[in-house]
Amino acid sequence: MNKIEKIYQHALNILSEVGIKLKHLEVLNILDENGIQIDEETAFFTPEQVAYWISKAPGSFTLYARNPAYNIVIGNQHRHFMAGYGCAAIYDKEGTARDSLLSDYICFARLVHQCSHFSINGGILAQPNDVPAEISHLIMTYTAMMTSDKCLMGIPGNEDQVTQIMEMAALLFGGRSVLEKTPRILTMVSTISPLLIDEMDLSTILISARYNQPMIMSPASTAGTTGPIDLAGNLALSTAEAMAAIVIAQIIRPGVPVVFGLQSNVANLRTGNISVGSPAYSLQKKAVCELARYLKLPSRSGGATTDSAVISPQAGYESMLSLMAAYQNGVNLIIHSAGILNSYAAMSYEKFMMDLELMDMIMQYEDGFEVNDDTLNLELIKSVGPGGHFLGAADTMRKCRSHSRQPRIGVRENFGRRPPLEKYFKNIDKGLEQMLREYKQPDMPSDILRHLNDFMAGQGIPAPVLEQLNHLTCNLEDF
Amino acid sequence: MVFNSMTDALVACDKDRLIVMVKTALEQGESADDILNHGLIAGMEVVGDRMESGDMFIPEVLMAAQAMTECVEILKPLLEETGGNHAAAVVIGTVKGDLHDIGKNLVAMMMESAGFVVHDIGVDIPAETFIAAIKEKNAKIVCLSALLTTTMPAMKQTIDAISESGIRDQVKILVGGAPVTQAFAETIGADGFAADAGSAAKLAKSFIQ
Ligand code: B1M
């Protein structure tokens, strides 16, 4: 047995011998009806049951966007970046925190829309603290739909909340029956490690599966706190939790697309917090990809993650290790690829721009270079001859723009006395300003807009609020 | 002298050595009260400081706390005999809707190590459960933890409910958790805010003394 098989076997043993606690009566009943052993709130799955139900899940699937140009395949060799997710705070250049607001949500949605690295928008780009929590899922989803025609991320919640989001997606995409035929809105499900899934996340699975919409099953057991300190044991625990969530989804709706999304962390045992800038975190991503391939499922992991609370050398090298590890190992969905700081505690506009540069660099690195007569070009070397130089060669002139790619924000011209960091942050501001200035809202067909507005009104959100929403600007000077 | 070595044993997480020391000290005529206050609690203060400075790791601090708990068990009957056990009761929990508990558990541990009798009532705790626990345990201090901005309002609801139930004057309410700030604590009418487990225990002590 190789390492991955051993981890998988161990995960199976966890599910059959220890079981997993499920805080949802209806889900427990459904499992019971399907022959899963239930003892009070704990479900025990046999290895055969796990293998049988997981085999129902597709190995890859297409996520459809409002604009078909952004449709993407999730799985196989495809890799997609997604922005930071879930934060309720924004850090400025100095690392000073403030609450994130709806205007931040709009800004990030526009930035994501503008950037070619992303095909998926929405979800919890930043929690709008100025919107009551009970309706924030509606406002975020509406804003994402209005701001962008890329693929959509959903938001987990109770049954009513997830149903509302699914109904909005149905309005956007031509009705429930159309929605049920194609994956359109992708929702992240978290477990509570070790071995518990709460009511909210089980409700999210129940409703998403009923609408046949894809889910990312994302346990985040943390080696040393909510998981065993050894990475092998921690990965097996996360695997067990993800497999249980996948089995539940498949029992509710065989064939519903799911992503094997282990977010297995390590703890900083000096404080008890997680550490996602560490090599041990990146090492686990590698295993996540191998486990996903073994299970024939698409994979998900974290992206440009760091434990630094401010843009700093530490933020740079940790994010690069983490993003590179995800990309090179072939993670299908690389969430938290832009903007995240301080172990998922906050978003930062400056970090967002920095991370776009990391993605540019990684993709350029992955492009490699060609070896052929043109790129070897003996004539060129003959014409320059020993002791000459290539700066003045026509070949160099012809290719100097395409072959000497300039960084988005990085500073290479270190002449003169100006402090280099000043220039760096100026480039960031310029880049942000330009992306937001160039943003153009994609057209929304008027009948769909009317349906969406009626739906929102039905949820108690009056038209003037929506009107205001559509006119909110995101001038970063205001922040 | 013997008390200094207790600190050493605690810092070294050496439970067996600590138990021997406590038993020997009792045989030599030290009072249970002194052993608790000058030996164990003073030792745990050093442990707390070392945790704050990062010199001790959390699992080591937990081991030290466990060692202390076992020694307190030995001292308990004697403390009760002499009426020396007047440790205040603390009720701690994560508020309704919130399931994060790692930080809360650390606060509970530091409170215990500071000599409080801690009743950890868990996560996702509605206001009524807090109130029932305060009454049942005759708590002097209540700690509310929240990690989500979306559950911070539940902190205010809990404090309001405690006021409405007529027992607000009986308890000091402390709040904490990553998104919570001093300013927020003041707006919702809490008595204090602590940014980490060590300062939570210190703050609680300052209210009792
Ligand atoms: C007097 O009373 C006091 C005094 C001091 C007190 C106190 C009480 N309580 C704490 N303190 C203080 O002392 C402690 C020790 O020094 C400190 O405690 P802390 O708890 O701050 O510190 C701990 C030692 C270490 N810190 C932690 O344990 C929290 C770390 C992060 C990564 C985190 C974790 C681990 C988890 N999570 Co959650 N999680 C995040 C966190 C991001 C971050 N970096 O903060 C945060 C808080 N989570 C978030 C979210 C959204 C969620 N989480 C969820 C679930 C989980 C896990 C189960 C995966 C796991 C919890 C495991 C567990 N058993 O607790 C979901 C919600 C579940 C629920 N209903 O509660 C979910 C909704 C889904 C998701 N995105 O994962 C975000 C909150 C955003 C917001 N709206 O506020 C979040 C910032 C991460 C993110 N970017 O998504 C002090 O704050």
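Which residue caps the N-terminal end of H6(A)? In this predicted model, the cap is A:Asn158, which places a side-chain oxygen 3.1 Å from the backbone nitrogen of A:Asp160. Helix H6 of chain A covers residues 159–173, and its end C-alpha atoms are 21 Å apart. This agrees with the 21 Å that 15 residues should span at 1.5 Å a residue. After the helix comes A:Gly174, with a positive phi near 100°.

The buried residues in H6(A) include A:Val162, A:Ile165, A:Met166, A:Met168, A:Leu172 and A:Phe173. A:Gln164, A:Ala169 and A:Ala170 are also buried there. Several elements of chain A contribute to the cover over these residues, among them helices H5 (133–147), H7 (176–181), H8 (199–210) and H17 (446–458). Strands E10 (151–153) and E11 (185–189) of chain A are also included in that cover.

Helix H10 of chain A, residues 279–295, was examined in the same terms. For its 17 residues the expected span is 24 Å at 1.5 Å a residue, and the end C-alpha atoms lie 25 Å apart, which agrees. Its buried residues include the nonpolar A:Val288, A:Leu291 and A:Leu295, as well as A:Ser282, A:Gln284 and A:Lys285. A:Tyr281, A:Ala287, A:Cys289 and A:Ala292 are buried in H10(A) too. The helix is followed by A:Lys296, whose phi is positive, near 60°.

A:His117 is located in the loop between helix H4 (102–114) and strand E9 (120–122) of chain A. With a relative accessible area of 13%, A:His117 falls under the 20% limit and is therefore buried. Its side chain makes a polar contact of 2.6 Å with the side chain of A:Asp360. Beyond its neighbours within four places in sequence, A:His117 is in contact with A:Phe81, A:Leu356, A:Met359, A:Asp360, A:Met363 and A:Arg408.

At the surface of chain A, A:Phe369, A:Val371 and A:Leu376 make a nonpolar patch of about 390 Å². A:Leu376 belongs to helix H13 of chain A, residues 373–376. The relative accessible area of A:Leu376 is 54%, so this residue is exposed.

In chain B, two isoleucines of helix H7 were considered. B:Ile162 lies in this helix, which covers residues 152–164, and B:Ile159 lies in H7 of chain B as well. An α-helix has 3.6 residues a turn, so residues three or four places apart point the same way. B:Ile162 is buried at 0% relative accessibility, and B:Ile159 is buried at 2%. Leaving aside neighbours within four places in sequence, the contacts of B:Ile162 are B:Ile131, B:Ile134, B:Ile167, B:Arg168, B:Val171 and B:Ile173. With the same exclusion, B:Ile159 is in contact with B:Leu144, B:Arg168, B:Ile173, B:Ile188, B:Gly189 and B:Ala190. The C-alpha atoms of B:Ile162 and B:Ile134 are 9.2 Å apart, with their positions 28 residues apart along the chain. For B:Ile159 and B:Leu144, 15 residues apart in sequence, the C-alpha separation is 9.3 Å.

Over all chains, 26 salt bridges were counted. Side chains of opposite charge can pair when their charged atoms come close. In chain B, the side chains of B:Lys15 and B:Glu70 form a salt bridge with an N to O distance of 3.2 Å. This pair links distant parts of the chain, 55 residues apart: B:Lys15 is in helix H2 (residues 15–27) and B:Glu70 in helix H4 (residues 58–81). Both residues are partly exposed, B:Lys15 at 33% relative accessibility and B:Glu70 at 36%.

A salt bridge also joins B:Lys104 and B:Asp120, with the closest N and O atoms 3.0 Å apart. Here the link runs from helix H5 (residues 102–113) to strand E2 (residues 117–120) of chain B, between residues 16 apart. B:Lys104 is buried at 4% relative accessibility, whereas B:Asp120 is partly exposed at 38%.

In chain A, salt bridges that share partners join A:Asp374, A:Asp395, A:Arg398 and A:Lys399 into one network. Within it, the side chains of A:Asp395 and A:Lys399 meet at 3.1 Å, N to O. These two residues lie in helix H15 (residues 394–403) of chain A, four residues apart, about one turn of the helix. A:Asp395 is buried at 14% relative accessibility, and A:Lys399 is buried at 15%.

Note on methods:
Residues are numbered from 1 along each chain as its sequence is written. Chains are lettered from A and ligands numbered from 1 in the order in which they are written. This is a predicted model: local features need pLDDT of at least 70, side-chain atom pairs count only at pLDDT 80 or more; totals for chains, interfaces and linings use all residues. Side-chain values use heavy atoms; hydrogens and water are left out. The expected span of a helix is 1.5 Å times one less than its number of residues. Buried means under 20% relative accessible area, exposed over 50%, partly exposed in between (1.4 Å probe, protein chains only). Contact means heavy atoms within 4.5 Å. A polar contact is a pair of N or O atoms within 3.5 Å; within protein, one must be able to donate a hydrogen and the other to accept it, and residues adjacent in sequence count only if both atoms are side-chain atoms. Patches are made of residues with over 30% relative accessible area and no salt bridge: like charges are joined within 9 Å, nonpolar side chains (Val, Leu, Ile, Met, Phe, Trp, Tyr) within 5 Å. Accessible areas come from the Shrake-Rupley method with a 1.4 Å probe; for residues, only the protein chains shown count as cover. A salt bridge is a side-chain nitrogen of Lys or Arg within 4 Å of a carboxyl oxygen of Asp or Glu.
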